[in-house]
Amino acid sequence: MRKPFIIANWKMHKNIEESVAFINQIKAALPQVSDEEVGIAAQAVALSSMKQTARGTNLQIIAQNAASELAGPYTGEISARSLADAGASYVMLGHLERRRLFHEDNQIINQKVRSALTTGITPIICTDDKMVQAEVNGEIHYVFDQLKGVLRDVAPAHLQKIVLSYEPSWAVGSSQTANPKVAQQGCQRIRQTVCNLYGSLLADQVRILYGGSVNPQNISAIMAQPDVDGALIGRASLRPDDFLEMVNWQQPVSNVM
Ligand SMILES: O=C(CO)COP(=O)(O)O
């Protein structure tokens, strides 16, 4: 049984004080750890204070990026080792914005994945529909070459822990509301690719999240899809009440607030 995972990706929003205040506002209303995992991906400087504030809760503190090396002369970089020290249990790697704005490619992301794994911090590997997209007989086909590249030399024992995500480029940060069927199709194809690479047992275990314009109105329909195990939420995660509504998507709103 795959445990649902709902993640706020705050990107470069919220300073340390705002991050801590947010956690103080939501921590009493988080779901049971046995039912669901909840996490917040924030700027690296806020992680340590967030971890302290979240003590006693099941909230996962997540880094948004890490260096490909663990130590050395890389001015301005932050290693997965230091992120783990700061309290991050997961690190997002290969987000669409990292690929698009900072020119990260599959090789670099693969190095980052392998470095993170040596520190015990769990990668959340993001993929998008820019993998290879081809139209055959009027149907869109995604070929998940990105996945093969970023998972190179990743052992099956490690893949068991890794979380994957599907974030179509046109839905991230856009006004286009995610269509649950598209979310399902993308996640299902990622699972199929994992099955081809690692076999069906691991493909059934790995969690695959959907990201791109998720909000309190559409999260239930997205989470109802069989291959969608969670959501990566940008803009709609910035307000505590909206975030709580989304992490408690299984309950009527009146029971949450
Ligand atoms: O980038 C995202 C999550 O990683 C999605 O961002 P939005 O929810 O703002 O579209």
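This passage walks through a predicted model of a protein chain with a ligand, from its overall build to two annotated residues.

The overall fold is a good place to start. The protein chain contains 11 helices and 10 strands. Its radius of gyration is 17 Å, close to the 18 Å that the globule rule gives for 257 residues, so the chain is as compact as a globular protein of that length. The C-alpha trace spans about 50 × 50 × 35 Å along its principal axes. Of the 257 residues, 42% count as buried. Contacts also reach across the sequence: among those between residues at least 6 apart, 70% join residues at least 24 apart.

The interior comes next. In soluble globular proteins, nonpolar side chains tend to be buried together. Here, the largest nonpolar core holds 68 residues, and those touching the most other members are Ile62, Ala88, Val91, Leu93, Tyr210 and Ala231. Helix 8, covering residues 180–198, gives the most to this core, with 5 residues. Setting aside residues up to four places away in sequence, Ile62 touches Ile7, Gly39, Ile40, Ala41, Ala88, Tyr90, Val91 and Met92; Ala88 and Val91 are thus partners of Ile62 and are also listed with Ile62 among the core members with the most contacts.

Attention now turns to the ligand. It is surrounded by 14 residues, and the closest are Asn9, Gly211, Leu232, Gly234 and Arg235. By type, the shell divides into 5 nonpolar, 7 polar and 2 charged residues. An unreviewed UniProt entry carries the annotation "binding site" for Asn9, Trp10, Lys11, Gly173 and Ser213. These annotated positions are spread over 205 residues of sequence, yet they cluster in space, with a largest C-alpha distance of 14.0 Å. Asn9 appears both in this UniProt annotation and among the residues closest to the ligand.

Two of the annotated residues can be followed further. Asn9 sits in strand 1, which runs over residues 5–9. Asn9 counts as buried because 27 C-beta neighbours lie inside 10 Å, where 20 or more are needed. Beyond its neighbours within four places in sequence, Asn9 is in contact with Ala41, Gln64, Met92, Leu232, Ile233, Gly234 and Ser237. Two of these partners, Leu232 and Gly234, are themselves listed as closest to the ligand. Trp10 lies in the loop between strand 1 and helix 1 (16–26). Trp10 is buried too, with 22 other C-beta atoms within 10 Å. Its contacts, again leaving aside neighbours within four places in sequence, are Ile40, Ala41, Ala42, Ser237 and Leu238. Ala41 and Ser237 therefore touch both Asn9 and Trp10.

Conventions. Residues are numbered from 1 along each chain as its sequence is written. This is a predicted model: local features need pLDDT of at least 70, side-chain atom pairs count only at pLDDT 80 or more; totals for chains, interfaces and linings use all residues. A residue is near a molecule or strand if its C-beta atom, placed from the backbone, lies within 6 Å of it. Ala, Val, Leu, Ile, Met, Phe, Trp, Tyr, Cys and Pro count as nonpolar, Asp, Glu, Lys and Arg as charged, and the others, Gly among them, as polar. Helices (H or I, at least four residues) and strands (E, at least two) are DSSP runs, numbered from the N terminus. The radius of gyration is taken over C-alpha atoms; the globule rule is 2.2 Å times the number of residues to the power 0.38. A residue is buried if 20 or more other C-beta atoms lie within 10 Å of its own, exposed if 12 or fewer, and partly exposed in between; C-beta atoms are placed from the backbone. Two residues are in contact if their C-beta atoms, placed from the backbone, lie within 7 Å. A nonpolar core is a set of buried Ala, Val, Leu, Ile, Met, Phe, Trp, Tyr and Cys residues joined through C-beta atoms within 7 Å. UniProt positions are given in the numbering used here, feature names are shortened, and annotations may be inferred rather than shown by experiment.
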